[in-house]
Amino acid sequence: MGLAAIGSVVEGKYEILKLIGQGGMSKVYLAMDKRLNKQWAVKEIEKKARDKNNEIIFQSAIAEANMIKKLDHPSLPRIVDIIEYEDFIYVIMDYIEGEPLSKILEEYGAQPQELVIDWAKQICEVLDYLHTCTPPIIYRDMKPANVMLKPDGNLKLIDFGIAREYKEQNLADTVSLGTKGYAAPEQFGGKGQTDPRTDVYCLGVTLYHLVTGQNPCEPPYELYPIRHWNPQLSGGLERIIQKCTQLNPEDRYQSCAELLYALHHYEEVDDLYRLKQKAKLRNFGLVAGATVLSLGVGVLGQVMNIQTNNDDYTHHIEMAEKAANDVTKTDYYLQAIDIKPTVNDAYLGLIAVFKSDAAFTVEEEEKFKKKINAHLIDFRENPDYADLAFEVGKAYWYYYDYGKTGDSDNQITRMKSSIQWFEDAVRYGSEDRDYYEMATIYRDIGKFNQEITLQIEEASDKGQYLPYWENIKALIKLVDENPDENEMVKLELYKLTMFSIETYARKFKLDGVEESDIRAVMEAVKQNTNNVDVTAEKTEQIKTDVINRFLVTQKAVDNAYRKI
Amino acid sequence: MDVLATAYTDKGIKKPSNQDSLCLKIADTSVGKVVLAVLCDGMGGLSKGEVASASVVNAFSAWFEEELPSQLTTKDYEDIQYRWNRIVKEQNQRIAEYGRKENIQLGTTWTALLLIGSEFLLIGHVGDSRVYRIHQQLEVMTEDQTVVGREVKRGRMTWEQAKLDPRRNVLLQCIGASKVVEPQFLYSRPVPGEVFMLCTDGFRHMITEEEIRNAFSPSVLNDEGTMRQKAIELVELNKQRQETDNISVLLMKIV
């Protein structure tokens, strides 16, 4: 401890009350101004202290403190005094009441999206203020632990600049992501080319943590699109965070002002919003046309309105079936759903249209959800509902294309998104339906894949693999028994099988799966894959992918079951 | 069956201290020679990296002395892996706790190889040190648990790009600074004539696989004196080529 023992008085003015923070080179105390009866934070820096590059820090600390003293922003603590003694420097600054966001994350997990966006705007403003100082100040250490939430709901940035514990990395230094999860790529490797875009990156990761509750310092050590963790989150926010966290600074927002603008307009880049806008345009067209028509049918209409909806519903469905293109089909089905929102047929038609191009897109999903979610509670009373739920589950499982790119499959997302539908198919269906068993298996395979990462992390995964293996085998059996099963279903299943063997071979062994059993399944899958006749480019691709994994999978099994 | 072994470590040309720790233990037992090689590459501010690496090496050294004898009598090799896993997790807790107390961040990689006669070979691994198996070819047995290693494995990056990436020294996990550590474990059966090499990343950045294979080929390494001399030669070559990291290497040959 330096001069500032608890109870001592610095500069005849600041009575040191208690230690509130400590770093390798500095300590922060809570102090009371005896004359003003006001609390301050006092940062004590030892002059002899050296940083990890073995450089004495105090000169740079004083320089920085003097610079920061000139700053004036509601989200920054003020520095009111800098006192220099022989061995120590004391920086007197605002004492900030409240809690760091890191603590809030620890205690309550992910934070509501609207709140996070509000916070993001505040942080953006203060960072932009720092960046536009002359010379610009780069914060470089944006993370939840450095942002205080005050009791009034506003934020303050703490610990900027002065004697920061971890400066630029030394070139040869190895570091672990377990401690560096928020850092931008350019902060590694010692070149130290940081600029405002570095803060944009760190802020992006901070928002990611706040809105998903996923700590970037913990496995899987990479950022997924936020809706991977919570599909309810905004697509607009997802895009903003993705753009902030691009590896190449050129691809990010170039300034916090730019990011702030995006945050103010995040809903406009939302898929949902874009859809709404499109719908508005389309509706306008319809209304304009309809006005002319309605003049003619106005009188007649009164009479016809009394007729039952039944004809209308059937008519719409017939029209949809006859329609030449998917857009018209979709429109007819959507209109039919409006007439009878808790009957399967129109939904089933809609799903079939969505699947027809082998991709169930996010926009299609929005259309579908908007219709069905409003009526779900009533719909579940309908004994046929489970049939639909099963079909929807399969559409997600095989065709949902959210997060899918040329070089990365979204298998896990697809499975996760389908679980609730299979769950419904099981819960609201009865055991005599022929899909009942299949729905149960899909649901359980999906749940396994959803939960296993966490269970591995908590080391509670043992025993999960054997039932999973049995489920995979059962599903293969069911699919192979059905002569009409389409190529997509078969190939996706084979792919999942290969993926599971490759990833969990060792775990299967530990859970007691016999080597001969795995090898037999692998052989059968190999043969069946080769036998599938593919008719579309997409399935052709999957087939090639599966065939390409044969060797790796084989090797994984060899390794897992190697005799010792 | 006999085993020739040697180890060499050097502070290198830039760093003020050597944060690598290693140990090599050989015992004569009724099942033949038993060899334990452990290599840890410490990291951390204020040159406390060696605290982390030494702590892990000491823990495994103690395991060799105190627990291995009874495990050898039961020949329960699965149990050895279980114990290693426990030791790693325990060390992860203790080093993290020490770091919190001292207000520093420190951690270490861990790569260990256990040879039990000609029956059994176990490798345990966290981080970016490596185990090579050298016979006709040179084979890297461990995975590099680094950000760039993962990118390469997924086909998003080539090894050439990885070498230049600023994140090339960023580990996915290490002992002491990760919430969760999942070591890689590998089994094999040792074959007479094979050479096993453990090295920290400081040993392998500046020299080619070709150079390693030529220096450590089983036909060259005929006695411990030559092994040590060859190890020193490659370490010196690394230094000549301006490697800035600590450099460590462990060699074993099964004869």
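# Exercises on strands, sheets and a cavity

In strand 6 of chain B, B:Leu121 is the bridge partner of B:Leu115. Keep that pair in view for the first exercise; the model you are looking at is a predicted one.

## Exercise 1: the neighbours of strand 5 in chain B

Work out which strands pair with strand 5 of chain B, and in which sense.

Step 1. Start from the pair above. Strand 5 and strand 6 (residues 120-126) of chain B run antiparallel, and seven bridges hold the pairing.

Step 2. Look at the turn. This hairpin has three residues between its strands, and B:Gly117 takes a positive phi near 50° there.

Step 3. Now go to the other partner. Strand 3 (residues 32-44) of chain B is joined to strand 5 by six bridges, again in the antiparallel sense. B:Val35 is the residue standing opposite B:Leu115 here.

Step 4. Put it together: B:Leu115 faces B:Val35 in one pairing and B:Leu121 in the other.

## Exercise 2: buried or exposed?

Decide whether the residues of strand 5 and strand 10 in chain B are buried or exposed.

Step 1. The cut-off to use for buried is under 20% relative accessible area.

Step 2. Apply it to strand 5 (residues 110-116) of chain B: seven of its seven residues are buried. B:Trp110, B:Ala112, B:Leu114 and B:Ile116 point one way, B:Thr111, B:Leu113 and B:Leu115 point the other way, and all of them are buried.

Step 3. Do it again for strand 10 (residues 184-188) of chain B, where five of five residues are buried. One side carries B:Gln184, B:Leu186 and B:Ser188, the other carries B:Phe185 and B:Tyr187, and both faces are covered.

Step 4. Find what strand 10 pairs with. Five bridges join strand 10 to strand 6 of chain B, and the two run antiparallel. B:His125 is the residue opposite B:Gln184.

Step 5. For context, zoom out to the whole chain. Chain B has seven helices and 12 strands, and 58% of its 255 residues count as buried. Among its contacts with a separation of 6 or more, 71% come from residues 24 or more positions apart.

## Exercise 3: the five-stranded sheet and its helices

Trace the strand order of the open five-stranded sheet in chain B, then find which helices lie on that sheet's strands.

Step 1. The order reads 1-12-11-7-8, with antiparallel pairing. Strand 1 (3-10) and strand 8 (138-140) are the edges, each pairing on one side only. From one strand to the next, the twist averages 15°.

Step 2. Zoom in on one pair. Strand 11 (residues 195-199) and strand 12 (residues 247-254) of chain B run antiparallel and share five bridges; B:Leu198 has B:Leu250 as its bridge partner.

Step 3. Add the helices. Helix 6 (residues 209-216) of chain B lies across strand 7 (130-134), strand 8, strand 11 and strand 12, at about 55° to strand 7. Helix 7 (residues 224-240) of chain B packs on the sheet too, touching strand 1 and strand 12, and its direction makes about 25° with that of strand 1.

Step 4. Check the link between strand 11 and helix 6: B:Asp201 is found in that loop of chain B. Why does B:Asp201 count as buried? Because its relative accessibility is 1%. Its C-alpha atom is 9.7 Å from that of B:Asp144, though 57 residues separate the two along the chain.

## Exercise 4: over to chain A

Find the edges of the open six-stranded sheet in chain A and the helix that packs on it.

Step 1. The order is 1-2-3-4-6-5, with antiparallel pairing. Strand 1 (9-10) and strand 5 (79-84) of chain A are the edge strands.

Step 2. Strand 5 is joined to strand 6 (residues 88-94) of chain A by five bridges, with A:Ile82 opposite A:Val91.

Step 3. Helix 1 (residues 58-69) of chain A packs on this sheet, touching strand 4 (38-46), strand 5 and strand 6; its direction makes about 150° with that of strand 5.

## Exercise 5: the empty space

How many cavities of 30 Å³ or more does the whole structure hold, and what lines the largest cavity?

Step 1. The search finds three of them, and the largest cavity has a volume of about 50 Å³.

Step 2. Its lining includes A:Tyr208, A:Gln214, A:Pro219 and A:Glu222.

Step 3. Sort the lining by class: five nonpolar, two polar and two charged residues.

Key: Residues are numbered from 1 along each chain as its sequence is written. Chains are lettered from A and ligands numbered from 1 in the order in which they are written. This is a predicted model: local features need pLDDT of at least 70, side-chain atom pairs count only at pLDDT 80 or more; totals for chains, interfaces and linings use all residues. Side-chain values use heavy atoms; hydrogens and water are left out. On a 1 Å grid over the protein atoms alone, a cavity is a set of points where a 1.4 Å probe fits but cannot get out, and a pocket is an open set with protein on both sides within 12 Å along at least five of seven lines; lining residues have an atom within 4 Å of a point. Grid points are joined across faces, edges and corners, and a volume is the space filled by probe spheres set on the points. Ala, Val, Leu, Ile, Met, Phe, Trp, Tyr, Cys and Pro count as nonpolar, Asp, Glu, Lys and Arg as charged, and the others, Gly among them, as polar. Two strands pair if DSSP finds at least two bridges between them. Helices (H or I, at least four residues) and strands (E, at least two) are DSSP runs, numbered from the N terminus. Axes are lines fitted to C-alpha atoms, for helices over the stretch in contact, and angles run from 0 to 180 degrees between N-to-C directions. Contact means heavy atoms within 4.5 Å. Buried means under 20% relative accessible area, exposed over 50%, partly exposed in between (1.4 Å probe, protein chains only).
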